[in-house]
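Visitor: I am new to this structure and would love a close look at one part of it. Could you pick a place to begin, stay with it for a while, and then show me how the rest connects?

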Amino acid sequence: MSAGSFYQRDRRWHPPALSPAYKTSVTRSPQRALVALDNTLSEMTGPVFGQETLGPLDDDMIRNFAKDGDPIGPRIIVHGRVLDEDARPVPGALIEVWQANAGGRYRHKKETYLAPLDPNFGGCGRTLSAEDGSYRFRTIMPGPYPWPNGPNDWRPAHIHFSIFGHGFAQRLITQMYFEGDPLIWKCPIVSTIPDRAAIERLIAPLDLANTVPMDARAYKFDIVLRGRRSTLFENRMEGN
Amino acid sequence: MVQSLDRLKESPSQTAGPYVHIGCTPNVCGIEGVFPRDLGAMMLQPETRGERIRIIGRVFDGVGIALKDALVEVWQADADGLYPSPQETRGKADPHFTGFGRSAGDMTSGEFTFDTIKPGAVPFKNSRPQAPHITLWIVARGINIGLHTRLYFGDEETANAADPILSRIEHRSRVPTLIAPRAMEDGRPTYRHDIVLQGEKETIFFDI
Ligand SMILES: [Fe+3]
């Protein structure tokens with residue numbers, strides 16, 4: 001396992017802190033410049049989660065909350081690989097996901113959308129990437145939902161992803177969208193990302209080859225975490 | 001033309017949104033029976049070595065309102081300054097300490113709490129020591145990319161004064177935003193540490 005410091009994050013590729021069309025960002029965005037901090041051990045290391053963290057149904061959102069039947073909605077498999085910027089697989093990455101049900105409703109006290117809760121759908125799951133970086137989970141297709149921002153803003157169907165790589169500096173939360181959804185290009189949260197090519201990296205294509213016939217469609221979503229330098233040169237430069 | 005570096009780009013960040021707790025601390029928001037316990041809810045075991053401390057704080061927005069939908073994560077070394085990580089080569093960290101904590105904050109006050117131990121010092125690049133510190137990461141609705149900051153300890157004046165990161169911060173008046181004062185509360189050493197996202201008392205956030 002390589003253990004050097006991480007490549008600098010390309011801040012122009014990520015959304016800026018302030019993006020006025022996403023109104024909540026106006027009062028929640030730092031205004032001062034970030035202070036550059038060379039990675040120390042505190043950033044290069046991170047918590048390790050093993051298989052013992054997981055229960056048998058954690059990666060199956062169709063079953064992990066079900067009370068008296070399957071949740072309503074199109075059954076899907078989401079799978080892909082976790083890689084670093086050098087295209088090396090990242091094994092043992094913890095991936096946590098959450099989403100609305102097929103009607104676009106979240107199971108949350110503060111959720112006020114009139115679409116009904118699904119008694120058989122909780123909306124959370126998690127899994128670990130394998131040696132080759134691959135991961136998969138099963139769920140139902142989330143619905144789009146309206147949200148209070150502009151007078152008529154709708155979120156495209158999406159799944160939220162939280163990813164732990166090997167260093168705390170790699171910590172990332174993002175969202176996965178679905179190929180062909182016209183709401184993607186109208187969404188103020190999607191549009192916080194300045195570069196269209198970067199947005200496209202969050203759109204999972206339909207993967208017919210991995211679809212389970214007569215059961216569940218598959219979507220493929222690859223995730224790239226920050227890469228890191230080899231320790232060899234770094235040790236030499238440190239010199240002591 | 002030159003050859004391509006052929007490097008992939010990192011997946012772009014998106015806000016954690018208002019329902020981050022569904023995925024990251026489901027038990028706290030009433031989704032029970034899916035995960036037996038929330039990740040990072042308990043940092044301590046009876047056998048954990050080190051001084052027991054409590055960290056309490058809130059996250060404020062630019063108009064001074066405490067966020068109720070934030071998620072705060074902490075990562076820290078053990079009492080000897082060792083990280084429980086495969087990248088730790090200086091020794092074996094305390095097997096009874098994970099170093100990782102996660103708090104959804106109180107649903108009404110927004111106050112986050114971590115019961116943990118005071119970490120030992122961790123070396124900087126050239127083996128110079130850093131003052132004891134805890135790394136924090138904050139996400140919430142309206143935060144487009146997670147914010148990295150640190151907590152240093154108010155009772156470590158000498159170590160803080162010599163710390164290679166604190167001493168390099170140009171705007172000296174902002175340094176106190178990283179230092180939590182110590183007080184005894186409920187018979188336990190407690191560090192109060194508020195995080196201010198924007199404005200006059202804006203916390204220092206790091207580009208790491
Ligand atoms: Fe959402």
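Guide: Let's begin in chain B of this predicted model, where strand β3 (residues 71-75) pairs with β4 in the antiparallel sense over four bridges. Strands of a sheet pair through backbone hydrogen bonds, either parallel or antiparallel. Within this pair, B:Glu73 of chain B has B:Arg102 standing opposite, in β4(B). Now follow B:Arg102 along its own strand, β4 (residues 100-103) of chain B, which is covered on both faces. On one side sit B:Phe100 and B:Arg102, on the other B:Gly101 and B:Ser103, and all of them are buried.

The UniProt record offers a label for part of chain B: an unreviewed entry gives residues 55-83 as "domain: Intradiol ring-cleavage dioxygenases". That span is 0% helix and 34% strand, and its end C-alpha atoms lie 19 Å apart.

Another strand of chain B is worth a stop, namely β7 (residues 147-153), which holds B:His148. Is this residue buried or exposed? With a relative accessible area of 2%, B:His148 falls under the 20% cut-off and is therefore buried. Its side chain makes a polar contact of 3.5 Å with that of B:Trp137. Leaving aside residues up to four places away in sequence, B:His148 touches residues of both chains: A:Arg9, A:Phe168 and A:Ala169 from chain A, and from chain B a group including B:Leu136, B:Ile204 and B:Phe206.

Those contacts lead us across to chain A. There, the unreviewed UniProt entry lists residues 45-227 for "domain: Intradiol ring-cleavage dioxygenases". The end C-alpha atoms of this span lie 13 Å apart, and it is 3% helix and 31% strand.

Chain A has an open sheet of five strands with mixed pairing, in the order β4-β3-β8-β9-β10. At its edges are β4 (124-128) and β10 of chain A, each pairing on one side only. Inside the sheet, strand β3 (residues 94-98) of chain A runs antiparallel to β8(A), and five bridges join them. One residue to find here is A:Trp98, whose bridge partner in β8(A) is A:His160.

A:His160 also takes us to the iron ion. Which residues of the protein serve as its donors? They are A:Tyr106 and A:Tyr145, each through OH, and A:His158 and A:His160, each through NE2, at 1.9 to 2.2 Å from the iron ion. The angles subtended by the four donor atoms run from 88 to 162°, which makes the arrangement irregular. Along the chain, the donors follow the spacing Y-x38-Y-x12-H-x1-H. A:Tyr145 belongs to strand β6 (residues 145-147) of chain A and A:His158 to strand β8 (residues 158-164), so this pair ties together parts that are 13 residues apart in sequence. Both of these donors are buried: A:Tyr145 has 8% relative accessibility, and A:His158 has a relative accessible area of 1%.

For contrast, let's finish with two exposed residues. A:Met214 lies in the loop between β10 (203-204) and β11 (217-220) of chain A, and its relative accessible area is 89%. Its phi is near 65°, a positive value in a residue other than glycine. Over in chain B, B:Asp6 sits in the segment before α1 (20-24) and is exposed at 68% relative accessibility. B:Asp6 is not a glycine either, yet has a positive phi of about 60°.

How values were computed. Residues are numbered from 1 along each chain as its sequence is written. Chains are lettered from A and ligands numbered from 1 in the order in which they are written. This is a predicted model: local features need pLDDT of at least 70, side-chain atom pairs count only at pLDDT 80 or more; totals for chains, interfaces and linings use all residues. Side-chain values use heavy atoms; hydrogens and water are left out. UniProt positions are given in the numbering used here, feature names are shortened, and annotations may be inferred rather than shown by experiment. Buried means under 20% relative accessible area, exposed over 50%, partly exposed in between (1.4 Å probe, protein chains only). A polar contact is a pair of N or O atoms within 3.5 Å; within protein, one must be able to donate a hydrogen and the other to accept it, and residues adjacent in sequence count only if both atoms are side-chain atoms. Contact means heavy atoms within 4.5 Å. Donors are N, O and S atoms within 2.8 Å of the metal (3.2 Å for Na, K and Ca); water is not among the atoms, so sites may look incomplete. Four donors count as tetrahedral if all angles lie between 85 and 135 degrees; four count as square planar and six as octahedral if opposite donors are over 155 degrees apart and all others between 65 and 115; anything else is irregular. Two strands pair if DSSP finds at least two bridges between them.
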